[in-house]
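Visitor: Before we go through this model, I would like each of my questions to be answered with its reasoning laid out.

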Amino acid sequence: MKHIKLDIEADGIAVLTLDNADESMNLVSPEFISEFAEAIEMIAADDAIKGTIVTSAKPAFMAGADLKFLGAAFDKGMTVKDALAFRQAPSDMHRRMETCGKPFVAAINGLALGGGCELVLSCHYRVIVDDPKAVVGLPEVNVGLLPGSGGTQRLPRMVGVERALSMLLGGESVPPAEALARGIVDEVVPAADLLEAARRWLRGNPDPLREWDRKGYKPPEALGLLNLKLAQHFTMAGPAASAKTLHNYPAPIAIVSSVFEGIQLPFDAGLRIEGKHFARLLSGPVARNIIRTTFLNKGKADRLSRRPAGIPKSPVKTLGVLGAGMMGAGIAHVAAAGGIDVILLDATMEQAEKGKAYSASLLSRDVERKRRTQAQADAVLARISPTVDYADMAGVDLVIEAVFEDTAIKADVTARAAAVIPAATPFASNTSTLPISGLAEAFERPADFIGLHFFSPVDRMPLVEVILGKKTSEATLARALDFVGQIRKTPIVVNDSRGFYTSRVFQTFIHEGMALLQEGVAPALIENAAKQAGMPVGPLAVTDEVTIELPMRIAKQAEAEMGTAYKLPVSYDVMRRMLDEFRRPGRKGGGGFYDYPEGGRKHLWTGLKDAFPAAAEQPDVEEVKKRILYIQALETARCLEEGVLADPVDGDLGSVLGWGFPTYAGGTISLIDTVGLPEFVAECDSLAQRFGARFLPSDWLRQKAAAGSGFYS
Ligand code: NAI
């Protein structure tokens, strides 16, 4: 066997050690399942074996399913039958272990999550190491699934329905002491005693029959709704789960149903019920969208799948940052935290020091929350050297420019840095709106010039949009990606265009919000519809945050550069009135669409109803949701058509990680595939008729729809 070792000790105790030969983590894969099932049969058939310890040779016990096996199935179109088959083998394996007549004890030496936790739950006894890192839990709900190998049946029978539901719905992982208190494990022991504790239990000749396999077993909850306390609990749990997920995520409801239906039935019938709910989730769009975008494709991007091959790795040892403002200071911080020395330059020493102080404040927060020791924090901070002297840039391996968003200022600092940095050092700009190819003109080696667009706050936002200028070389892309990998951010790679990808599509969201306001849609309806659609904040609230001046400046700049070829955004009038008539630029300027009372909660500006009177007839919330999501999806499709995006994956990742487009949709492009391209085109046509040509699908999209192809399949 490749991933499991079976040793039989002198006194008839077998030790099954999980040790994935291909990965650093034990994972539930088809190969693992068949080996483990084979081991169970060997153990069951061998009279010399009295009992078995299941443990792991890795630092962790076992994580969940190996999701990479799902990618191809998703692309092909996962059917209910495929999904049922996917869970049948591990479910049967657990059940066979549980009923084979020999006792199994899990010696949990490290974390046991998802499928790993379900394996542990199917053992007859659980001993866990006393180590806070050895968390156990069933986080499936977080990827749109439920534990499909008995987790929704064993856990409630072991710890009671109420506790089980709170764990299953919360997707939480708990450390050993908490797992013991909740009844998930039976003993917490020091690491050195782990195997011995497991042997001790086996030597006591335990009965290898689970409680639910005994004759006459009936948990109190088997009464279903006749058990009043439970009835109350179940009637609340469903709606509470729906309310929390705004009906966008089916997994919580499926979990409540699986537990509720299963607990009233014999165990094996419960497993079948669980299988049915699991298969519906796995073959549905939401789990696919979440898993494909946030695990499979994010994983590939993190492994730098877009890095050109054949270019030697070139880690950055020293980074030069120009501009120590909000973004420059954030970039300096994440680089230093990634082990990179940083020269942080600003126009005055005071500004440069202020940038370093920002990192100090983040680090002291980390120390307070016990995420770092003081010594570690000191080491990170010591890597940042504030300066005003360009000569200090003489040894840097990469420069990132983050001064004011002004072409002339950027050109000036670029030329000054270029005069001192080594001849092969690449130069990146963190501009949010200025075309990269234009900025590259101020740099004598345009092939070495690239865009690295970070998001605010840099320490928390996972995405970096890497922008290729017209002349950017493959080697520069490779080096930029190496740096993004070093600081553990997720890169997407896009081609130069006005607003690149993320700013361009994000703008359509805020413009549509303001267009709705202009039409007389009640502001609360706009904001709530956006949140119900899964956007983290309403378009009016987020416009207040970035300030109305920003989209206005972008529009004016585009108009100045493109003349009549530029179509003013649909929200132009709203922006103009908010700025010129009402002087309400946004939160920083004392208020915008919202008021921000000191010490109180923000609320919609009371003057809005006079400024933009509500129409007598209000649209259906579903229509507002659709407009808000579809306008973003449509613009992303245009980015693909124009070659700004080379791959739908970048569109999805950028939207989910960059501005919080809902994960249930999988991103702006997965949304189109989820709706179905022909239906999407038809719906956009209908929206265009009613609300304007910005919703008109292009010929390219129509042809794609007519050809019957989606973006992924
Ligand atoms: P900021 O105003 O906070 O910081 C700019 C810094 O550059 C200031 O510390 C300023 O003193 C310094 N600076 C200006 N001229 C300089 C010069 N000639 N020499 C040296 N230092 C100089 O601005 P922020 O927000 O950090 O933005 C910086 C860049 O990042 C801009 O290009 C912006 O468009 C871009 N960006 C901003 C994002 C945001 O959310 N604020 C997001 C992504 C990109």
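Visitor: How far does a polar side-chain atom of N430 lie from an oxygen atom of the ligand?

Guide: Please keep in mind that this is a predicted model, and that the values given here are computed from it. A polar contact is a pair of N or O atoms within 3.5 Å, and the N430 side chain supplies a polar atom for such a pair with a ligand oxygen, at a distance of 3.0 Å.

Visitor: What percentage of the area that the ligand exposes when taken alone does the protein bury?

Guide: Polar contacts at the ligand also include a polar side-chain atom of K410, 2.7 Å from a ligand oxygen, and a polar backbone atom of M326, which lies 3.0 Å from an oxygen of the ligand. Taken alone, the ligand exposes 840 Å², and the share of this area that the protein buries is 77%.

Visitor: Which element gives the most residues to the shell around the ligand?

Guide: The ligand has 21 residues around it, of which M327, D346, E405, K410 and S432 come nearest. At least two residues of the shell come from each of α13 (326–337), α16 (407–418) and β15. With three residues, the element that gives the most is α16.

Visitor: Which proline is joined to S456 by a cis peptide bond?

Guide: The bond that follows S456 has an omega of about -5° and is cis. The proline on its far side belongs to the loop that runs between β15 (449–454) and β16 (463–468). The residue joined to S456 in this way is P457.

Visitor: How many disulfides does the count come to?

Guide: A disulfide is counted where two cysteine sulfur atoms lie within 2.5 Å. By this rule the count comes to zero. C100, for instance, is in no disulfide, and the nearest cysteine sulfur, that of C123, is 10 Å away. For C639 the closest cysteine sulfur, in C684, is 15 Å away and therefore too far for a bond, in keeping with a count of zero.

Visitor: Is C639 buried or exposed?

Guide: Buried residues have under 20% relative accessible area, and C100, at 13%, falls in that class. The relative accessible area of C639 is 0%, so C639 is buried.

Visitor: Which strands stand at the edges of the open sheet that has the order β5-β7-β8?

Guide: This open sheet is formed by three strands, and its pairing is mixed. Within the sheet, β5 pairs with β7 (residues 136–137) in the parallel sense over two bridges, and L113 has G137 in β7 as its bridge partner. Each edge strand has a single partner, so one side of each is left without a neighbour in the sheet, and these strands are β5 (112–113) and β8 (173–174).

Visitor: How far apart in space are I13 and I49, C-alpha to C-alpha?

Guide: I13 lies in strand β2 (residues 13–18) and is buried, with a relative accessible area of 3%. Beyond its sequence neighbours, I13 touches residues including G51, I53, R199 and L202. I13 and I49 are 36 residues apart in sequence, while their C-alpha distance in space is 5.9 Å.

Visitor: Is T547 buried or exposed?

Guide: N205 has a positive phi, near 50°, and lies in the loop between α8 (194–203) and α9 (228–245), where it is exposed at 62% relative accessible area. T547 also has a positive phi, near 75°, and sits in the loop between α21 (539–546) and α22 (549–562). With a relative accessible area of 12%, T547 is buried.

Technical notes:
Residues are numbered from 1 along each chain as its sequence is written. This is a predicted model: local features need pLDDT of at least 70, side-chain atom pairs count only at pLDDT 80 or more; totals for chains, interfaces and linings use all residues. Side-chain values use heavy atoms; hydrogens and water are left out. Buried means under 20% relative accessible area, exposed over 50%, partly exposed in between (1.4 Å probe, protein chains only). Helices (H or I, at least four residues) and strands (E, at least two) are DSSP runs, numbered from the N terminus. Contact means heavy atoms within 4.5 Å. Two strands pair if DSSP finds at least two bridges between them. A residue is near a molecule or strand if one of its heavy atoms lies within 4 Å of it. A polar contact is a pair of N or O atoms within 3.5 Å; within protein, one must be able to donate a hydrogen and the other to accept it, and residues adjacent in sequence count only if both atoms are side-chain atoms. Accessible areas come from the Shrake-Rupley method with a 1.4 Å probe; for residues, only the protein chains shown count as cover. Lists of a residue's contacts leave out its neighbours within four places in sequence.
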